[in-house]
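Q: Please take a close look at the sheet of one chain. I would like the strand order, the pairing and the helices that go with it.

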2 protein chains.
Amino acid sequence: MTAPLGIHLLADLHGCEGLANPARIEAALRAAVSATGATLLNLQLHHFGPGQGVTGVALLAESHLSIHSWPEHGFAAIDIFLCGGADAGVALDIIAAALAATRIEAQRVARGAPFG
Amino acid sequence: MTAPLGIHLLADLHGCEGLANPARIEAALRAAVSATGATLLNLQLHHFGPGQGVTGVALLAESHLSIHSWPEHGFAAIDIFLCGGADAGVALDIIAAALAATRIEAQRVARGAPFG
């Protein structure tokens, strides 16, 4: 069996803090990207307004990392899609800690499984 | 049971054409976003060079749509993450047709399932 082209880690984070704070979220994303050793091509964040959610995507040479937050639920949806063998779990740990998540539901999906 | 906050459609497209053509991929992404009625906040594409892959993310008010392509394998990984009840399947059909995909492996993941 050949390796997949990439691993896509989907994580739902519950009980989070700071989800209406774009600076905190940007710092978490940058720290997570840095920890994986991935190459950041572009980072785009959008804040929907005071007290509201933040949505952001880091475009990587190795695919992408995204967050969508719902402060009213203490909930954030995280995607970490990395090609080339980088460890998505390290990035998730950093984001979960930065947002003080109390519960994480994560699943890994192999993308492009017949290749590599 | 309450509805999830969003539906995340992960699709692996095989047998594709045009995967080293950023203009074709950008047009497909814009048409897909438009068909869902989602609000486009930002579209970012990166082409790794002549004959090489394209990676791109459309940041939406309703979450995101992304593509990562491997022309050497005729393979593209698509993510369509939409909140608010928009139909991700319509977007996938448009992208798959635009890239002339011959095989699609798709799965839907409910995100933020306890909420909504």
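A: What follows walks through the sheet of chain B, then turns to the two copies.

This is a predicted model, where local features need pLDDT of at least 70, side-chain atom pairs count only at pLDDT 80 or more, and totals for chains, interfaces and linings use all residues. Residues are numbered from 1 along each chain as its sequence is written, chains are lettered from A and ligands numbered from 1 in the order in which they are written, and side-chain values use heavy atoms, leaving out hydrogens and water.

The sheet of chain B is open and has six strands, ordered β2-β3-β4-β5-β1-β6 with antiparallel pairing. Strands are DSSP runs of E, at least two residues, and helices are runs of H or I, at least four, numbered from the N terminus. Two strands pair if DSSP finds at least two bridges between them. β2 (40–47) and β6 (103–111) of chain B are the edges, each pairing on one side only. Neighbouring strands are turned by 10° against each other on average, direction ignored. Axes here are lines fitted to C-alpha atoms, for helices over the stretch in contact, and angles run from 0 to 180 degrees between N-to-C directions.

Inside the sheet, β1 (6–14) and β5 (75–83) of chain B run antiparallel over eight bridges. L9(B) has I80(B) in β5(B) as its bridge partner. Helix α1 (22–36) of chain B packs on the sheet and touches β2, β3 (54–60), β4 (63–70) and β5 of chain B. Contact means heavy atoms within 4.5 Å. The direction of α1 makes about 160° with that of β2(B). Helix α2 (88–98) of chain B lies across β1, β4, β5 and β6 of chain B, at about 20° to β1(B).

Now the copies. A 180° rotation with 0.0 Å of shift along its axis superposes chain A on chain B, with RMSD 0.0 Å. That is the relation of a two-fold axis. The superposition is by least squares on C-alpha atoms of residues with pLDDT of at least 70 in both copies. Within chain A, V57(A) comes closest to the rotation axis, at 3.8 Å (C-alpha). The copies meet through the same surface, because 100% of the interface residues of chain A are also interface residues in chain B.
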